[in-house]
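Let's take a walk through this structure together. Have a look at the sequence and the 3D view, then read on.

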Amino acid sequence: HAIGLLDELSSPGDRFFQGPSDLRLTNYNEPSFYWLLPTLTPSTYFLEMNPGISNAPNSRLARDIATSDVLLLSNRFANFSEPNTSTVPGNGDANRVVANNFCVAATTQWYTILLNRKNHLASSRPAASLGRIHAPHCVQSP
C-alpha cells in the first residue's frame, strides 16, 4: 500500500528518503524501499541508519533530507530494541528539517509519506505527530 501511494505522490527522478519516524533513533529502517522504487533517486548518503553515525552531532543527515522531495517515515519498528545504542536519541536536526520543510501527504498503518513544501502548501488541518516530529498536512499547489 505504501509503495502504491509513493508511486502516486512522486515523480520519476524525485529525491527520496526512507527512515524511522523519529530520526534521532537508528533502531531500524528499510533500505529495500530504495530498490522497490527504482524511479526515485536516494537523497541521502544514509541508506541505512547506524547508531552514532547517521544521528551523530555532526551528521549530514539533516542537510541530505532537506534536499529530498519525498520521505517515507516508518513507525513499524518503533519498539524494536537491540542491546546497543540504536535506541538512544541522537542529533535532532533531521527532525527539525522534516517539521519545517515537509508536510504529510498520506499515512498507512506503519508509514507516513511526506512531501517537501516547496511543491506543496501546508493546509489548515492539524499537524501529524510522527515520533518527535510535528508536520502539517499538504494540499496540492494551485
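## Starting with one glycine

Is G4 buried, exposed or partly exposed? Keep in mind that this is a predicted model. G4 has a relative accessible area of 43%, and the range for "partly exposed" runs between the buried limit of under 20% and the exposed limit of over 50%, so G4 counts as partly exposed.

G4 sits in helix α1. Its C-alpha atom is 9.9 Å from that of L37, a residue 33 positions away along the chain.

## The two sides of helix α1

Now for the rest of α1, which covers residues 2-9. A2, L5 and L6 are buried here. Looking down the helix axis, you'd find the buried residues within an arc of 100°, so they line one face of α1. Over on the other side, D7 and E8 are exposed.

What covers those buried residues? The cover includes strands β1, β3, β4 and β5. That goes with how α1 is placed: the helix lies across β1 (15-20), β3, β4 and β5, and runs at about 10° to β5.

## The sheet

The strands, 5 in number, make an open sheet with mixed pairing, in the order β2-β1-β3-β5-β4. At the edges are β2 (41-42) and β4 (102-107), each pairing on one side only.

Inside that order, β3 (residues 70-74) and β5 (residues 111-116) pair in the antiparallel sense, over 5 bridges. One pair to look for is L71 with its bridge partner L114 in β5.

## Another helix on the sheet

Helix α4 (residues 93-101) lies across β3, β4 and β5 too, running at about 85° to β4.

Note on methods
Residues are numbered from 1 along each chain as its sequence is written. This is a predicted model: local features need pLDDT of at least 70, side-chain atom pairs count only at pLDDT 80 or more; totals for chains, interfaces and linings use all residues. Side-chain values use heavy atoms; hydrogens and water are left out. Two strands pair if DSSP finds at least two bridges between them. Helices (H or I, at least four residues) and strands (E, at least two) are DSSP runs, numbered from the N terminus. Contact means heavy atoms within 4.5 Å. Axes are lines fitted to C-alpha atoms, for helices over the stretch in contact, and angles run from 0 to 180 degrees between N-to-C directions. Buried means under 20% relative accessible area, exposed over 50%, partly exposed in between (1.4 Å probe, protein chains only). The arc is that of the directions from the helix axis to the C-beta atoms.
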